[in-house]
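Visitor: I should like a close look at a single part of this structure. Please describe one helix and its surroundings in a connected account.

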Amino acid sequence: MRLSHEDVEHVAALARVRLTPQERERMVEVLSSVLGHMEVLGDEMAGERPLSTDRINVLARLREDRPCPIQDSGRLLALGPNTRAGQFVVPRIVQDI
Amino acid sequence: MSGLLDLTLTEAVRATRSGSVSTSELVSAYLSRIGRFNGPYHILLEVLEESATQRAHELDALSASERDRLPLYGVPVAVKDNLVMDRGSTTAGSRILEGYRAPYNATVVERLERAGAIVLGKTNLDEFAMGSSTEHSAYGPTLNPWDPTRVPGGSSGGSAAAVAGRLSLAALGSDTGGSIRQPAAYCGVVGLLPTYGRVSRYGLIAFASSLDQVGPITRTVDDAAVLLRVMAGFDPRDQTSLREPPPDVSDEASVRGLRLGILSSYPEGVDPVVRATLDHMTRALADAGARLVSVDLPDPTRALAAYYVIAPAEASSNLSRYDGVRYGKRKEAEGLYALYDETRAAGFGPEVKNRIMLGTFALSAGYYDAYYGRATAVRKAIADGYDRIFERVDAIVCPTTPDRPFPLGERLSDPWRMYLSDLYTVSLNLAGLPGLSVPVGLQEGLPTAVQVVGPRLSEPLLFRIGRAIERAAAPMPAPDLKEGGAA
């Protein structure tokens, strides 16, 4: 499958990655080439039961629901690139009316 | 080279426990070698000299009975820089985590240290473990200790090069599609992908959670067995951790009576040296009493395609957490979405962007069934295929990689060619099976290796076959590192 510039731009928006024009150019070639190799996945696999529903999830289990110690919030906040008054700072997303 | 650096893990523990060598002497010998060769070969991203030296002094002060209780007493280890530690920085080879200091230890690190190991530093890797050469590290590539013009493999290239180059006695790696076994093969050391769920992933920076597994990289099979015993076991902090006790360590090395699967055919492009090495080794195992049975692996080409849908799909979700808000680098911008977009554009390297884009595409409306749906169905067919093979054989002996260490830069512009290096490794991650790469000597100055694959939880059997391979193989010498690296 060959992707267009518009396809790449759409996927970049979904992935929350801004691409430069050069990166977009490169990505059209790289993704189209890699997707070309995916054709071996084959039509006969369409509708087959995927692995994730049985074999992998059988390993997953929930732990007992009981309180346990958590990281000190001050240490976690200290990792933030921009914090104020015990909170992470982000650009305003709700405008004043 | 100092004789201290030639001790295997088992020999080093014996020497430090008996007091014939102090842990401080051992650590100091490794730190001094790191000081000489880490610059040119770029193996460790951070050296934890102060904490390692201090820990060695503390261990030296223990009584004989206290030492005997520590299975890794005084063992210097290097840790791949996608495993978090409560000291030093953890970058995962990415600019987006430059300067990140984790507030806790990964379970595997905690277990090794509790057993007496001493962490020397954090090893280089492809950014977020996405790569097969270590060239995708944002901090520059690691050079292969056997030939500094070639790659050490990846993504655990720093860990494999550290063990091969005697910059550490053992190391931790992570393997999502071959990232322990392929660099181990390229550097001439032993690398184990444990059964999925055998080793806790708590504290491993997630790449593709249904495939990621932490494992040991060592000089000998025995050393890998000792490390796995310490690392393995249930951890309530990892939802996929198996309630299985750690495997016993034995010294069994007989393959007499074992049914070993060997490949009846190879896809195009497999290096003739790889085939010849494997043929030679399987004949040696037959001479040692194993029965060889021809098998066809579940289609490796299809496995590779499925892997390069599933792993990027999971990565695209896992890496959505890097948004410049809670930790890591941030690029200020007008508006929240612009903050995300700019931070990620500046923080991620080209290969990580490739994979995030590929994964996002495969999960997007209109393409999900055609790519992700089919890939997960192929994944099930591969797991079923291995089940059928293991009804006929006890284990499979096959190549670790279809190729040998390639020149730096050779594959950077052709991602699929880079991905082909994982041809024989990815299917084990897809099926959750263990695999052991064992070096079998040098050909034309470069290491060669074979891979042993077994059913789930068959690590003791893999070690047994691995020891037989070690005995039949030419002994691995130490590489002659150059102070000028590739210069």
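Guide: The account below concerns one helix, its covering and the core of the structure. The model is predicted. The part chosen is helix 12 of chain B, which runs over residues 350–362 and has 13 residues. From its first C-alpha to its last it reaches 18 Å, close to the 18 Å expected at 1.5 Å a residue. Of the 13 residues of helix 12 of chain B, 12 are buried, so this helix is largely enclosed by the rest of the structure. Among the buried residues are E351(B), K353(B) and R355(B), and they also include V352(B), I356(B), M357(B), L358(B) and F361(B).

The covering involves both chains. From chain A, helix 1 (5–15) and helix 2 (21–37) are included in what covers the buried residues of helix 12 of chain B. From chain B, the covering includes helix 10, helix 13 (369–392) and helix 14 (415–419). Chain A itself contains three helices and two strands, in the order α-α-α-β-β along the sequence. Of the 97 residues in chain A, 20% are buried.

Helix 10 of chain B leads on to the core. The largest nonpolar core has 168 residues, and V75(B), V77(B) and V309(B) have the most contacts inside it. Helix 10 of chain B (residues 300–318) supplies the largest share of this core, 11 residues. In general, nonpolar side chains tend to be buried together in soluble globular proteins. Leaving aside neighbours within four places in sequence, V77(B) is in contact with residues including L112(B), I118(B), V119(B), L120(B), L169(B) and L172(B).

Definitions and conventions:
Residues numbered from 1 in each chain as written. Chains lettered and ligands numbered in written order. Predicted model: local features only at pLDDT ≥ 70, side-chain atom pairs only at ≥ 80, totals over all residues. Core = buried A, V, L, I, M, F, W, Y, C linked by C-beta atoms within 7 Å. Buried ≥ 20, exposed ≤ 12 C-beta atoms within 10 Å, placed from the backbone. Helix = DSSP H or I, 4+ residues; strand = E, 2+ residues; numbered from the N terminus. Contact = placed C-beta atoms within 7 Å. Expected span 1.5 Å × (residues − 1).
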